[in-house]
Amino acid sequence: MSRSLWYKHAVFYELYLKGFYDSNGDGIGDVNGLREKLDYLQDLGIDCIWLPPIYPSPEKDDGYDVADYYTIAPKYGTIEDFRCLLEDVHRRGMRLIMDLVLNHTSDQHPWFQEAKKGPGSPYFHYYVWSRTPEKYTEARIIFLDTERSNWAYCEDNGYYYWHRFYTHQPDLNYDNPEVRREMKKVLLYWLDMGVDGFRVDAVPYLFEREGTNCENLPETHDYVKELRAMVEKHYPEAILLAEANQWPWDLLPYFGDGDEFHMAFNFPLMPRLFMALKTHDVSPIVKIMEGLPEIPSSCQWCNFLRNHDELTLEMVTPEEREYMWKVYAPDPRMRLNLGIRRRLAPLVDNDERRLRLLHTILFTIPGTPILYYGDEIGMGDNIDLPDRNGVRTPMQWNTSLNAGFSEAFREKLYAPVIDKGDFSYERVNVESASHNPSSLLSWIKGWIARRKKHPVFGMGKVEFLSGKDPALLWYRVYNQDEEIMVFAFFGDEEKKIPLSFDRWRGKTLKDIEGKKSPLFVSTKDITLSFAPYEYKVWEVKEG
Ligand code: GLC
Ligand code: CA
């Protein structure tokens, strides 16, 4: 059976359900609200929605603390509503993936409640316990701002339990075959219902071994292979997307021989794009992209600019991190753990040129692009809200009450709508952006459509060309049928840059957006002019 590679041609959209659209006026976005807004996503050209966790949860980590894997939280609707959502999504030819939190549960999960009773409990070995907190000391702490240790003491049974994230998120014990079986059941349950796959949360941390940093262990890969084989057997079209915030050499193994994840987020690329905007030097982008290992042909990178978390600075050097904090998070409230808790548009000072430049790369560099809800209209953030909540405020639909997100009293909204300054919903909203042909939203929509006409973007190879100017990122994406050239200028001053076009002599370069007239390459060298943050994308045509 030849499996379709739909995810390589798709455009993904991360959608924070709570913040998207509230259908019943309780101040919380919900499943039926999303159903009402599917036309918007379809019209934008979205192929696949990723929903962060919507399971019942005490919500101390916004749903990443799961208390029941087999249903959705009542505030989002019923499981029937969810089935209807899947039908609506599929009827439109779209797909939907859920978040799968494998590594840990909430401490409110019945398994943990039972496990706390001690070694006599059948669930005790669902979690990782120790008499002392002196084990696995080489594992780093991820939530640095709040956690002091990966061990927490349980008053009830006198043992310490292991947790890589918040104290209230005890890690499941994957050395226990029952846990491995239970979690497989969870996957099948949702796949049987019709979901098209999973974004798999916090993958590197499933197993612990003394003498290691407890990340990316061979045992983790073995388990992922089992999950993949199971998915493949029952639902060959479903996908697994890895959240593994790791360096390229540790990421590669998550693709296996095409028998682990279909996709993995390209974490190393993202911070370097932002860095280059400030340093006007693209060499770190080229270096990291050229260093990305070749992946199996059925696999794909998932590229992103921002998501629901902080802009993580784990995959940069300590000096680069300091620099990024200095230039992008001057106010300490903007920082969180090893990252920056801000949205895309405020990060680039709401500069449309920079927004378009970054998106041009997102849409053209090898891999599948994923957008974060609201970034397509350039939404802002609210740094007065704690943790990562500032980048999770209600979607701004129009200028009516609560930005058209909800009919609830303002006080009842799960989070305040952004109603002041440049990013207020009166200025930034879907309705006005969709009526404006030159808005960021219209431009992104155009690019999504364009991307679909050129399979080379999802399937082709990339070659980085030598641009002579440190601020110029120049690459070509190509396959047997097509060649497309991308120039992304990270300079903040106009510049004329002489470039060698010898390889393309006798060919014609055609502006992919059709805004400029085609250029016939008749000489070896051509000098191109670039305005600050300008991009050019050209198709290479014969003659
Ligand atoms: C992932 C999620 C993040 C969550 C963490 C713990 O990194 O993206 O939001 O807090 O896992 O589950
Ligand atoms: Ca609601």
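**Figure 1. Strand β7 is covered on both of its faces.** On one side of β7 lie Gly 197, Arg 199 and Asp 201, on the other Phe 198 and Val 200, and all of these residues are buried. The view, like those that follow, is taken from a predicted model. Because 5 of the 5 residues of β7 are buried, the strand is largely enclosed by the rest of the structure. Buried here means a relative accessible area under 20%.

**Figure 2. Strand β7 pairs with β3 and with β8 in the parallel sense.** Strand β7 (residues 197-201) is joined to β3 by 4 bridges. Within this pair, Met 98 has Phe 198 as its bridge partner, and Leu 100 has Val 200. A further 4 bridges connect β7 to strand β8 (residues 239-242). Here Val 200 of β7 is partnered by Ala 242 of β8. In general, the strands of a sheet pair through backbone hydrogen bonds, in either a parallel or an antiparallel manner.

**Figure 3. Strand β3 is linked to β2 by a right-handed crossover.** Strand β2 (residues 48-51) runs parallel to β3, and 4 bridges join the two. Opposite Leu 51 stands Met 98 of β3. From β2 the chain passes through helix α4 (residues 79-91) before it reaches β3, which completes a right-handed β-α-β crossover. Strand β3 (residues 95-101) has 6 of its 7 residues buried, and it is therefore largely enclosed by the rest of the structure.

**Figure 4. Arg 228 is a buried residue of helix α7.** Helix α7 (residues 218-234) contains Arg 228, and together with β7 and β8 this helix makes a right-handed β-α-β unit. Is Arg 228 buried or exposed? Its relative accessibility is 3%, so Arg 228 counts as buried. The side chain of Arg 228 reaches the backbone oxygen of Gly 258 at 3.4 Å.

**Figure 5. Ligand 1 is surrounded by 13 residues.** Those that come nearest are Asp 61, His 104, Asp 201, Glu 243 and Asp 309. Which classes of residue make up the shell around ligand 1? There are 7 charged, 3 polar and 3 nonpolar residues. Oxygen atoms of the ligand take part in several polar contacts with side chains. An N or O atom in the side chain of His 104 is 2.9 Å from an oxygen atom of ligand 1. For Glu 243, a polar side-chain atom lies 2.8 Å from a ligand oxygen. In the case of Arg 388, the distance between a side-chain N or O atom and an oxygen atom of ligand 1 is 2.9 Å. The protein buries 96% of the 310 Å² that ligand 1 exposes when taken alone.

**Figure 6. Three strands form an open antiparallel sheet.** The order of the strands is β4-β6-β5. The edges are occupied by β4 (129-130) and β5 (151-153), each of which pairs on one side only. Strand β6 (residues 160-162) is joined to β5 over 3 bridges, and Trp 151 has Trp 162 of β6 as its bridge partner.

**Figure 7. Six strands form another open sheet with antiparallel pairing.** The strands follow the order β15-β16-β17-β22-β19-β20. Strands β15 (461-464) and β20 (519-520) are the edges, and each pairs on one side only. Between β17 (residues 483-489) and β22 (residues 535-542) there are 5 bridges, and the two strands run antiparallel. Phe 487 stands opposite Lys 536 of β22.

Notes: Residues numbered from 1 in each chain as written. Chains lettered and ligands numbered in written order. Predicted model: local features only at pLDDT ≥ 70, side-chain atom pairs only at ≥ 80, totals over all residues. Heavy atoms only, no water. Pairing = 2+ DSSP bridges. Near = heavy atom within 4 Å. Polar contact = N/O pair within 3.5 Å; in protein donor to acceptor, adjacent residues only side chain to side chain. Areas by Shrake-Rupley, 256 points an atom, 1.4 Å probe, with all protein chains shown as cover. Nonpolar A, V, L, I, M, F, W, Y, C, P; charged D, E, K, R; others polar. Buried < 20%, exposed > 50% of the residue type's maximum accessible area, 1.4 Å probe, protein only. Right-handed = clockwise from strand over helix to strand, strands pointing away.
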